[in-house]
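Hi,

Here is the structure I promised to pass on. Please have a look at it first, and then read my notes below.

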Amino acid sequence: MESGVKWLLESEEPAVRGMVRRDLLGEEFGEDVLEGANVRALLEAPATKHPYSKWTGAHWRIVSMVELEVPAGEPRAVRAAEQVLDTMTRSREYGVPVVNGLARRCGSIEGNALAACSLLGLAEDPRTQGMAEGLLEWQWPDGGWNCDKRPEAHRSSFHETHAAAWGLHEYWRATGDTAARDAAVRAGELFLEHRVFRRLSDGAVIDKRWLLPKYPPYWHYDILQALLVLSRIGLAKDPRAADALDELERRRLPDGRWKVGSPWWRPMGGNSSQEVVDWGRSGPNEMATLNALRILKAAGR
């Protein structure tokens with residue numbers, strides 16, 4: 001058995017052990033995720049008043065919950081999702097700016113919320129449907145989304161696009177809405193056109209920070225999250241993903257695990273960007289390792 005897989009099977013978090021068995025070994029999930037310390041913290045810790053507060057708001061909590069397989073219909077998760085849905089619905093009442101014919105909306109906000117709500121069993125809720133319809137309406141011709149209001153902005157933001165693609169994919173899985181599926185694939189094509197992290201003009205790396213895996217990514221783009229979204233959509237075997245897959249494999253530690261770059265979150269007790277969960281700030285990272293192994297399996301490597 002691969003050393004990274006063996007290490008993950010020894011995780012203290014039931015969700016991690018179950019995802020390894022199901023996604024990497026083809027076995028039954030066989031775990032009660034609600035017994036996990038991280039899941040309990042996400043479900044039980046009081047959230048801040050505004051759901052988008054970083055990273056203690058309900059918006060971020062429900063994304064982390066579904067990534068740890070909190071089941072659809074779990075009452076505490078649904079209550080958090082309800083808060084997010086109400087906020088998202090109110091925000092659209094003010095309209096979306098359109099500059100030079102392009103809607104300026106942060107696709108990551110609706111995208112993350114759409115994915116989480118779809119996975120929590122709320123895909124048929126009219127508020128969830130409204131998020132999906134909005135993303136379809138605001139998608140740019142190149143396949144992505146952007147909230148940059150400057151008139152000269154004419155290309156999508158990768159940061160705003162990866163979560164939107166994930167959200168539309170999960171909405172399609174929950175509802176069968178083919179328009180959502182097609183839009184997610186178009187977003188994946190945008191990443192593949194750039195070979196995930198390269199400029200179209202000269203093939204140079206767009207941003208070297210994208211080469212450093214992070215977990216959780218929240219709304220940030222990097223090759224780990226991009227490849228995870230591509231694998232979920234079914235595009236991980238596309239030849240244009242090869243450069244990013246090579247880079248991901250290059251970053252595997254000799255013991256078969258992956259570590260993350262400087263995290264976006266800080267432990268509880270600080271002044272900003274606090275997290276209720278200790279995702280691991282140094283050394284090998286469980287979720288980064290799990291997602292990297294999932295990606296490589298989906299890519300046939």
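What follows is a short tour of a helix, the core, a cavity and two single residues.

First, the ground rules: this is a predicted model, in which local features need pLDDT of at least 70 and side-chain atom pairs count only at pLDDT 80 or more, while totals for chains, interfaces and linings use all residues. Residues are numbered from 1 along each chain as its sequence is written, and side-chain values use heavy atoms, with hydrogens and water left out.

Let's start with helix α5, residues 75–92 (helices are DSSP runs of H or I, at least four residues, numbered from the N terminus). Its end C-alpha atoms are 26 Å apart, which agrees with the 26 Å that its 18 residues should span at 1.5 Å a residue (the expected span is 1.5 Å times one less than the number of residues). At the start of α5, a side-chain oxygen of E74 comes to within 2.8 Å of the backbone nitrogen of R76. Buried residues in α5 are A77, V78, A80, A81, V84, L85, T87 and M88 (buried means under 20% relative accessible area, exposed over 50%, partly exposed in between, with a 1.4 Å probe and protein chains only). Their cover includes α3 (37–44), α4 (58–67), α6 (107–119) and α7 (126–138).

The largest nonpolar core has 90 residues, and I62, V196, L227 and W279 have the most contacts inside it (a core is a set of buried Ala, Val, Leu, Ile, Met, Phe, Trp, Tyr and Cys residues joined through side-chain atoms within 4.5 Å). Helix α10 (residues 223–233) gives the largest share of this core, eight residues. Also in α10 is S231, which is buried at a relative accessible area of 18%. Leaving aside residues up to four places away in sequence, S231 touches A236, I295 and A298 (contact means heavy atoms within 4.5 Å).

And the empty space? The largest cavity holds about 110 Å³, and its lining includes W60, H162, Y215 and Q225. Helix α4 gives the most to that lining, with four residues. (A cavity is a set of points on a 1 Å grid over the protein atoms alone where a 1.4 Å probe fits but cannot get out; lining residues have an atom within 4 Å of a point. Points are joined across faces, edges and corners, and the volume is the space filled by probe spheres set on them.)

Finally, R150 sits in the loop between α7 and α8 and is partly exposed, at 48% relative accessibility. From R150 to M287 is 36 Å, C-alpha to C-alpha.

Best wishes

Notes
Helix = DSSP H or I, 4+ residues; strand = E, 2+ residues; numbered from the N terminus. Polar contact = N/O pair within 3.5 Å; in protein donor to acceptor, adjacent residues only side chain to side chain. 1 Å grid on protein atoms, 1.4 Å probe; cavity = no way out; pocket = protein on both sides within 12 Å on 5 of 7 lines; lining within 4 Å.
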